[in-house]
Amino acid sequence: MKIYEIGLIGCGAIASLHRDALLACPGVRIAAVCDIVPERAEAMAVSIGAAAPDNGLVRVYEDWHRMLAEAKLDGVHLCTPHFLHPPMAIEAMRAGLHVLTEKPMGIAVADVEEMVRVSSQTGKRLGVCFQNRYNTTSARMRELIDSGRVGRVLGGRAVVTWKRDAGYYGSGPWRGTWDEEGGGVMINQAIHTLDLLQWFLGKPVSIRGSIDTRLLAGVIEVEDTADALIRFENGVNGLFYATNNYCTDAPVLLEIVCEKAVMRLDGDLTVRHADGMVETVAEKDVSTGEKAYWGCGHKVLVADWYARMRGRKAFPIDGQTALPAMRLVLGLYESARSGREVALD
């Protein structure tokens with residue numbers, strides 16, 4: 001079995017989920033880690049050795065360019081601030097490496113489209129961590145839609161009410177900034193649910209909405225609250241609301257109305273069929289902690305990434321597939337600035 005030699009760029013909070021998922025994958029070795037804070041990279045290397053003594057030596061880098069040039073890797077995982085995803089992904093793919101990046105792909109449409117173009121040009125894989133598509137509940141909703149059992153989709157809505165306070169935004173100088181985070185609640189937290197909404201409803205063609213900083217003004221430059229009306233190619237509408245101003249991370253509310261059923265995700269999934277049957281689906285595996293309380297999708301997504309790579313099969317959440325959610329977020333910001341409905345093509 002080929003052993004995939006993998007590098008981890010960025011050793012902050014989200015990187016621990018990638019580390020654990022990588023260590024659970026057969027035929028995968030974490031060969032190098034990189035962070036601009038040397039102590040963070042060293043701590044990550046130590047944690048890998050402690051969790052998996054058979055992983056072998058982990059080289060530690062402070063400069064990601066040097067890591068790409070020296071470490072003889074097959075691929076990298078990007079766990080860095082949002083604005084760094086495009087340059088890192090593009091350089092890694094041009095160096096012959098496959099790339100799995102955290103969301104969002106970037107903070108500008110032109111940059112993320114260039115990532116997709118370079119992936120096609122080089123033949124290197126580009127995957128995006130929209131891991132909530134792998135949740136048991138999400139997969140069941142998509143299965144019911146694809147099967148035709150629930151009939152035509154008529155519309156949907158989603159509500160995200162989470163908590164990100166001043167302490168959270170103080171954990172990194174890039175957080176809460178337009179230049180480096182690219183936005184607030186929409187581009188960082190709610191983009192997962194936005195991706196699911198468009199995955200269920202179809203191809204989005206326009207968006208109109210607003211953003212506001214209602215609680216954290218003076219703490220962040222970006223929005224802590226947003227709402228939107230999304231129009232889809234099939235004629236249905238989607239409604240979206242998100243805020244980081246709640247007292248806790250409440251379960252996401254996601255409702256899809258179809259001709260023959262209403263599917264409502266609110267922690268568990270409840271499907272009320274028109275014939276009176278009620279189906280309930282619980283999430284099989286829910287972790288704790290800020291980065292993993294809704295399902296354990298990272299573990300499943302990373303395992304699927306390498307299984308498909310080994311089997312030479314397409315990965316279902318590649319750069320092209322992830323573009324609609326990116327265009328929706330950036331379209332919302334443009335709509336909020338202009339006060340107009342924004343076409344997404």
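Which residues gather in a patch of negative charge on the surface? To find them in this predicted model, select Glu39, Glu42, Glu62, Asp63 and Glu91, which together form that patch.

Stay for a moment with one member of the group, Glu91, and display the backbone around it: this residue belongs to helix 4, which covers residues 85–94. Its relative accessibility is 30%, and because partly exposed residues fall between the 20% limit for buried and the 50% limit for exposed, Glu91 is classed as partly exposed.

Next, move to helix 6, residues 136–147, and select Ser138 within it. Is Ser138 buried or exposed? Its relative accessible area is 0%, so Ser138 counts as buried. To see what surrounds this serine, show the side chains of Asn132, Arg133, Leu196, Trp199 and Phe200, with which Ser138 is in contact once neighbours within four places in sequence are set aside.

The last stop is Arg157, to be picked out in strand 7, which spans residues 153–161. With a relative accessibility of 31%, Arg157 is partly exposed. Now add Leu197, Leu239, Leu253, Leu254, Glu255 and Arg264 to the selection, since the task here is to view the residues that Arg157 touches when those up to four places away in sequence are not counted.

Finally, draw a distance between the C-alpha atoms of Arg157 and Val257: the two residues are 100 residues apart in sequence, yet their C-alpha atoms lie 8.8 Å apart in space.

Terms used. Residues are numbered from 1 along each chain as its sequence is written. This is a predicted model: local features need pLDDT of at least 70, side-chain atom pairs count only at pLDDT 80 or more; totals for chains, interfaces and linings use all residues. Side-chain values use heavy atoms; hydrogens and water are left out. Patches are made of residues with over 30% relative accessible area and no salt bridge: like charges are joined within 9 Å, nonpolar side chains (Val, Leu, Ile, Met, Phe, Trp, Tyr) within 5 Å. Accessible areas come from the Shrake-Rupley method with a 1.4 Å probe; for residues, only the protein chains shown count as cover. A salt bridge is a side-chain nitrogen of Lys or Arg within 4 Å of a carboxyl oxygen of Asp or Glu. Lys and Arg count as positive and Asp and Glu as negative; His and the chain ends are not counted. The place of a charge is taken as NZ of Lys, CZ of Arg, CG of Asp or CD of Glu. Helices (H or I, at least four residues) and strands (E, at least two) are DSSP runs, numbered from the N terminus. Buried means under 20% relative accessible area, exposed over 50%, partly exposed in between (1.4 Å probe, protein chains only). Contact means heavy atoms within 4.5 Å.
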